[in-house]
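Biologist: I have a structure in front of me and would like to go through it with you slowly, one question at a time. Could you explain your reasoning at each step, so that a beginner can follow along?

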Amino acid sequence: MHIWAVANQKGGVGKTTTVVTLAGLLADQGLDVLLLDLDPHGSLTSYFRYDPDALERSAYDLFEPSVTSAEQVERLLVDTSHARITLIPASTAMATLERKSIGSEGMGLVVSRALAHLWDRFDYVLIDSPPVLGVLMVNALAACKRLIVPVQTEFLAIKGLERMVRTLAMINRARSEKLQYHILPTFFDRRTQASVQSLRLIKQTYPDQIAHAIVPVDTKFRNASAVGVVPSVMDPATHGVRAYSMLLRWLQQQEQQLTLQQSRAQILTK
Ligand SMILES: Nc1ncnc2c1ncn2[C@@H]1O[C@H](COP(=O)(O)OP(=O)(O)O)[C@@H](O)[C@H]1O
Ligand SMILES: [Mg+2]
């Protein structure tokens with residue numbers, strides 16, 4: 001099971017869109033995908049027509065100390081408009097979790113432990129995280145093996161990116177296995193100077209972290225969310241979906257390389 005998260009300490013940069021679009025493309029490959037909505041705003045949850053204000057069960061329950069068994073975690077799964085995509089929805093009540101201390105015993109590993117129960121059920125897990133560095137984002141970062149950081153191609157967003165990169169450096173000091181993260185330029189519009197220049201700046205500043213795909217501005221994303229189906233089903237040939245296909249191909253290559261490196265390292269240490 002591959003666990004990827006999408007995060008940035010800024011809202012409106014395309015996090016939820018990245019999660020939904022990649023999920024659709026993975027599902028198109030015949031893979032089973034679990035989406036975990038850890039953002040109390042619940043945009044991902046609303047995308048699939050569940051109401052974060054009215055849900056009886058949600059990702060909130062994962063943080064209840066009494067929820068420990070595989071059956072209890074499985075009870076949180078709900079269907080979506082796509083047969084191969086399952087969701088653990090968010091509820092607005094999850095905002096209260098952010099007030100809890102990250103330092104308290106095991107609080108940062110709640111999601112990792114819960115996902116361990118679902119190990120054989122899904123090929124991929126994609127986690128959508130809130131734009132706040134709190135308990136929920138820390139859980140997302142601890143559970144994932146790979147992180148995508150969408151960043152709008154505009155100058156103010158790049159400031160926010162610096163903050164996110166500092167956060168990741170801090171997290172990586174505490175992790176034994178380094179978190180691989182990729183910066184994904186979004187809302188790119190090649191007709192505007194601001195977009196072109198900020199893309200250049202991101203490439204210069206983060207040459208090793210930049211993903212090999214750029215997501216253009218594409219109004220089709222909003223149309224797909226209005227209907228509640230994944231963008232690749234709604235309109236597979238649109239520019240935006242094609243950019244995410246390129247991203248996915250590149251991410252899957254990265255994943256294969258990592259697996260090869262790891263098996264090589266294992267052989268060498270034997
Ligand atoms: N590449 C894009 N082009 C045009 N609109 C987009 C694009 N990506 C996202 N959007 C739209 O912008 C809004 C915010 O995107 P969203 O993915 O919800 O951001 P976040 O999760 O970071 O807050 C949504 O209405 C979404 O449909
Ligand atoms: Mg979002």
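Biologist: How far does a backbone N or O atom of G14 lie from an oxygen atom of ligand 1?

Modeller: Please keep in mind throughout that this is a predicted model. A polar contact is a pair of N or O atoms within 3.5 Å, and G14 offers a backbone N or O atom to an oxygen atom of ligand 1. The distance between these two atoms is 3.1 Å.

Biologist: Which residue has a backbone N or O atom that lies 2.9 Å from a nitrogen atom of ligand 1?

Modeller: There are 14 residues around ligand 1, and those that come nearest are G12, T16, T17, P216 and D218. A backbone N or O atom of T16 lies 2.9 Å from ligand 1, but its partner there is an oxygen atom. The residue whose backbone N or O atom lies 2.9 Å from a nitrogen atom of the ligand is P216.

Biologist: What volume of space lies in the largest pocket?

Modeller: The lining of the largest pocket is made up of 24 residues, and G14, T17, F187, F221 and R222 are those nearest its centre. Helices α1 (15-28), α2 (43-47) and α8 (220-227) each supply at least two residues of this lining, which by class has ten nonpolar, ten polar and four charged residues. The space in this pocket is about 590 Å³.

Biologist: Is R222 buried or exposed?

Modeller: R222 is found in helix α8, and its C-alpha atom is separated by 9.0 Å from that of T17, although the two are 205 residues apart along the chain. A residue counts as exposed when its relative accessible area is over 50%. The value for R222 is 67%, and therefore R222 is exposed.

Biologist: What is the phi of F187?

Modeller: Most residues other than glycine have a negative phi. F187 is not a glycine, yet its phi is positive, and its place is in the loop between β7 (180-186) and α7 (193-205). With a relative accessibility of 35%, F187 counts as partly exposed, and its phi is about 50°.

Biologist: Where does R49, which also has a positive phi although it is not a glycine, lie?

Modeller: For R49 the phi is about 70°. At 47% relative accessibility R49 does not pass the limit of 50% for an exposed residue, so it counts as partly exposed. The place of R49 is the loop between α2 and α3 (70-74).

Biologist: Which backbone atom does the side chain of T186 reach at 2.8 Å?

Modeller: T186 is found in strand β7, and because its relative accessible area is 1%, T186 is buried. Leaving aside neighbours within four places in sequence, T186 is in contact with V13, P150, V151, Q152, T153, V215 and Y244. At 2.8 Å, the side chain of T186 reaches the backbone oxygen of V13.

Biologist: Which element gives the most to the lining of the second largest pocket?

Modeller: About 360 Å³ of space lies in the second largest pocket, which is lined by 18 residues, with L109, L141, A142, A143 and R175 nearest its centre. The elements that give two or more residues to this lining are α4 (110-116), α5 (135-143) and α6 (155-174), and by class the lining has 13 nonpolar, two polar and three charged residues. With four residues, the element that gives the most is α5.

Biologist: Which residue has its backbone nitrogen 3.0 Å from a polar atom of the side chain of N139?

Modeller: The place of N139 is in helix α5, and because its relative accessible area is 0%, N139 is buried. Not counting residues up to four places away in sequence, N139 touches F63, M107, G108, L109, V110 and V111. The backbone nitrogen that lies 3.0 Å from a polar side-chain atom of N139 belongs to V110.

Biologist: Is N172 buried or exposed?

Modeller: N172 lies in helix α6, and, not counting residues up to four places away in sequence, it touches K178 and L179. A residue counts as buried when its relative accessible area is under 20%. The relative accessibility of N172 is 12%, so N172 counts as buried.

Note on methods: Residues numbered from 1 in each chain as written. Chains lettered and ligands numbered in written order. Predicted model: local features only at pLDDT ≥ 70, side-chain atom pairs only at ≥ 80, totals over all residues. Heavy atoms only, no water. 1 Å grid on protein atoms, 1.4 Å probe; cavity = no way out; pocket = protein on both sides within 12 Å on 5 of 7 lines; lining within 4 Å. Points joined across faces, edges and corners; volume = space filled by probe spheres on them. Nonpolar A, V, L, I, M, F, W, Y, C, P; charged D, E, K, R; others polar. Buried < 20%, exposed > 50% of the residue type's maximum accessible area, 1.4 Å probe, protein only. Polar contact = N/O pair within 3.5 Å; in protein donor to acceptor, adjacent residues only side chain to side chain. Contact = heavy atoms within 4.5 Å. Near = heavy atom within 4 Å.
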